[in-house]
Amino acid sequence: MVDCLFCKIAEREIPSQAVYEDDEILAFHDINPVAPVHILVIPKKHIDSLEALAREDEQLAGRMLGVIRDIATEQGLDDRGWRVVVNTGQRAGQSVKHLHFHILGGRDFGWPPG
Ligand code: 5GP
Ligand code: ZN
């Protein structure tokens, strides 16, 4: 999608520190980490948000969860407690309108989230 930051990162027009890539998924370090481990996992195809996930995208979304688990293990987060966040919509704090999963770890987290 034109003028989408994460499409540009997926297409490598904008550089990122990638930790995982396959034909459909890219994972990279967040530019402004809020935890010692803060990685973003995105579909390479443009999907606005979790709300915009189509039935045909559900297999991809499921695969993304498997990639997230593998990255958490690789980052040494397993057994330490970690969190996956998908901000959906402006009021929930979604600032980039391209579906992304935050993987957060390496510190304690409060509940409920702010
Ligand atoms: P949101 O607020 O939409 O849930 O999350 C967007 C995330 O993207 C934020 O945590 C922000 O720090 C990150 N971000 C914004 N611009 C860039 C960028 O150019 N590169 C990277 N790696 N992360 C970015
Ligand atoms: Zn996009």
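Four donors around a metal count as tetrahedral if all angles lie between 85 and 135 degrees. Keep that rule in mind for the first view, and remember throughout that this is a predicted model.

**View 1. The zinc ion (ligand 2) and its four donors.** Two cysteines and two histidines hold the zinc ion here: Cys4 and Cys7 through SG, and His46 and His98 through ND1, at 2.1 to 2.3 Å. So what is the arrangement of the four donor atoms around the zinc ion (ligand 2)? The angles they subtend run from 107 to 116°, so the arrangement is tetrahedral. For reference, the ideal angle for four tetrahedral donors is 109.5 degrees. Along the sequence, the donor residues follow the spacing C-x2-C-x38-H-x51-H. As for the two cysteines, Cys4 is buried, with a relative accessible area of 6%, and Cys7 is buried too, at 2%.

**View 2. The five-stranded sheet.** Here is an open sheet with antiparallel pairing, and its strands come in the order β1-β2-β3-β5-β4. Which strands sit at the edges? Those are β1 and β4, each of which pairs on one side only. Ignoring direction, neighbouring strands of this sheet are turned by 15° against each other on average.

**View 3. Strand β2 and its two partners.** Look at β2 next, with β1 on one side and β3 on the other. β1 and β2 make a hairpin, with three residues between them, and they pair in the antiparallel sense over three bridges. With β3, the antiparallel pairing of β2 runs over five bridges. Phe28 is a good residue to find in this view: its bridge partner in β3 is Leu40, and Phe28 is also the bridge partner of Ala18. Right beside it in the sequence, His29 stands opposite Ile39 in β3. Is β2 mostly covered or mostly open? Mostly covered: four of its five residues are buried. As a general guide to strands like these, side chains in a regular strand alternate between the two faces of the sheet.

**View 4. Helix α2 lying across the sheet.** This helix takes in residues 58-74, which makes 17 residues. From first C-alpha to last, α2 reaches 24 Å, close to the 24 Å expected at 1.5 Å a residue. The helix lies across β1, β2, β3, β4 and β5, and runs at about 155° to β3. Which residues of α2 are buried? They are Leu60, Ala61, Met64, Gly66, Val67, Ile68, Ile71 and Ala72. When you read that list, it helps to know that an α-helix has 3.6 residues a turn, so residues three or four places apart point the same way. What do the buried residues of α2 pack against? Their neighbours are β1 (18-21), β2 (25-29), β3 (37-43), β4 (82-85) and β5 (101-105). After the helix comes Gly76, with a positive phi near 80°.

**View 5. Leu104 and its surroundings.** Leu104 belongs to strand β5. Is Leu104 buried or exposed? It is buried, as its relative accessible area is 8%. Leaving out residues up to four places away in sequence, Leu104 touches Val34, Ala35, Val37, His38, Trp82, Arg83, Val85 and Phe109. To place this view relative to View 1, use His46, one of the zinc donors. The C-alpha atoms of Leu104 and His46 are separated by 23 Å, and the two residues are 58 apart along the chain.

**View 6. Three spots with unusual backbone geometry.** Most residues other than glycine have a negative phi, and most peptide bonds are trans. Arg12 is not a glycine, yet its phi is positive, about 65°. You'll find Arg12 in the loop between α1 (5-10) and β1, and with a relative accessible area of 42% it is partly exposed. Asp79 also has a positive phi without being a glycine, in this case near 75°. Its place is the loop between α2 and β4, where Asp79 is exposed, at 82% relative accessible area. The third spot is a peptide bond: Trp111 and Pro112 are joined by a cis bond, with omega about 5°. Pro112 lies in the segment after β5.

Conventions
Residues are numbered from 1 along each chain as its sequence is written. Chains are lettered from A and ligands numbered from 1 in the order in which they are written. This is a predicted model: local features need pLDDT of at least 70, side-chain atom pairs count only at pLDDT 80 or more; totals for chains, interfaces and linings use all residues. Side-chain values use heavy atoms; hydrogens and water are left out. Helices (H or I, at least four residues) and strands (E, at least two) are DSSP runs, numbered from the N terminus. The expected span of a helix is 1.5 Å times one less than its number of residues. Buried means under 20% relative accessible area, exposed over 50%, partly exposed in between (1.4 Å probe, protein chains only). Contact means heavy atoms within 4.5 Å. Donors are N, O and S atoms within 2.8 Å of the metal (3.2 Å for Na, K and Ca); water is not among the atoms, so sites may look incomplete. Four donors count as tetrahedral if all angles lie between 85 and 135 degrees; four count as square planar and six as octahedral if opposite donors are over 155 degrees apart and all others between 65 and 115; anything else is irregular. Two strands pair if DSSP finds at least two bridges between them. Axes are lines fitted to C-alpha atoms, for helices over the stretch in contact, and angles run from 0 to 180 degrees between N-to-C directions.
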